[in-house]
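Student: Could you take me through one part of this model in some detail? I would like to follow the side chains and see how they fit into the whole.

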Amino acid sequence: SSGINAEWPLRPGEDVDKSSEKHTNQMEALDVYMNSLKRNVDAEKQTAKKIESQTEELVKEDGDHKAELSSQGLKCEEPKQEEMELIHDTKEMLEATNAKLLSDFTTIDQEIIQHEALIAKKSSIIARKKEKSTDCDSALIPLL
């Protein structure tokens with residue numbers, strides 16, 4: 001094809017109608033898009049108001065807590081960077097220790113289960129041997 005519209009040539013006035021229709025469709029699409037943006041902006045404003053309200057509440061609670069500590073003669077200072085690093089390192093160490101302990105407990109539980117199964121098996125064997133021994137004793141007693 002040569003890139004020429006198959007509807008070409010348009011009748012006089014038809015190109016204005018098609019152009020006007022295309023413009024109307026674009027305007028409707030733009031209105032839908034703008035309304036969507038407006039809803040999103042309104043939702044973000046509501047979220048911002050909620051966050052602001054929560055922040056104010058937390059700041060008030062912080063002030064109340066500091067006042068309570070002060071009334072008891074206690075101070076609450078912000079931790080220093082090196083303290084934060086120590087807290088972080090300690091937390092990681094505790095998490096690793098907990099994971100190791102959990103692994104050890106799981107292993108011990110499995111070993112206990114195996115030992116209990118072995119004890120049950122040996123107890124069963126001993127019981128059968130006692131039963132056979134009792135049967136043999138019963139058989140020998142009449143012979144005496």
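Student: Let me start with one pair: how many residues apart are D42 and K38 in helix α1, and about how many helical turns separate them?

Tutor: Happy to look at that with you, and please keep in mind that this is a predicted model. D42 and K38 are four residues apart in helix α1, so about one helical turn separates them. Their side chains meet in a salt bridge, with 3.2 Å from N to O. D42 is partly exposed, because its relative accessible area of 33% falls between the 20% and 50% limits.

Helix α1 spans residues 14–71, and there is another pair in this helix to compare. K60 and D64 form a salt bridge whose closest N and O atoms are 3.1 Å apart. The spacing is again four residues within helix α1, so K60 and D64 are separated by about one helical turn. As for accessibility, K60 is exposed, with a relative accessible area of 54%, while D64 counts as partly exposed at 40%.

Let us stay with helix α1 and turn to its nonpolar side chains. M27, L30, Y33, M34 and L37 form a nonpolar patch on the surface. Together these residues have about 470 Å² of accessible area, and Y33, one of them, lies in helix α1. Further along, L69 is also placed in helix α1. L69 is partly exposed, with a relative accessible area of 27%. If we leave aside the neighbours within four places in sequence, L69 is in contact with L74 and C76.

Now for the other helix. Helix α2 covers residues 81–140, and a salt bridge is found here as well, between K91 and E95. The closest N and O atoms of K91 and E95 are 3.6 Å apart. Both residues lie in helix α2, four residues apart, which is about one turn of the helix. E95 counts as partly exposed, at 45% relative accessibility.

E92 also lies in helix α2, and this residue belongs to a negative surface patch. The members of that patch are E77, E82, E83, E85, D89 and E92. E92 itself is partly exposed, with a relative accessible area of 43%.

Finally, let us place your pair in the whole structure. The protein has two helices and zero strands. A search of the whole structure finds five salt bridges, including the one between D42 and K38. Of the 144 residues in the protein, buried ones make up 0%. The protein exposes about 13700 Å², and carbon and sulfur atoms supply 58% of that area. So when you go back to D42, with its relative accessible area of 33%, you can read this residue as partly exposed.

Definitions and conventions. Residues numbered from 1 in each chain as written. Predicted model: local features only at pLDDT ≥ 70, side-chain atom pairs only at ≥ 80, totals over all residues. Heavy atoms only, no water. Patch = residues over 30% accessible without salt bridge, like charges linked within 9 Å, V, L, I, M, F, W, Y side chains within 5 Å. Areas by Shrake-Rupley, 256 points an atom, 1.4 Å probe, with all protein chains shown as cover. Salt bridge = Lys/Arg side-chain N within 4 Å of Asp/Glu carboxyl O. Buried < 20%, exposed > 50% of the residue type's maximum accessible area, 1.4 Å probe, protein only. Lys, Arg positive; Asp, Glu negative; His and termini not counted. Charge placed at Lys NZ, Arg CZ, Asp CG, Glu CD. Contact = heavy atoms within 4.5 Å.
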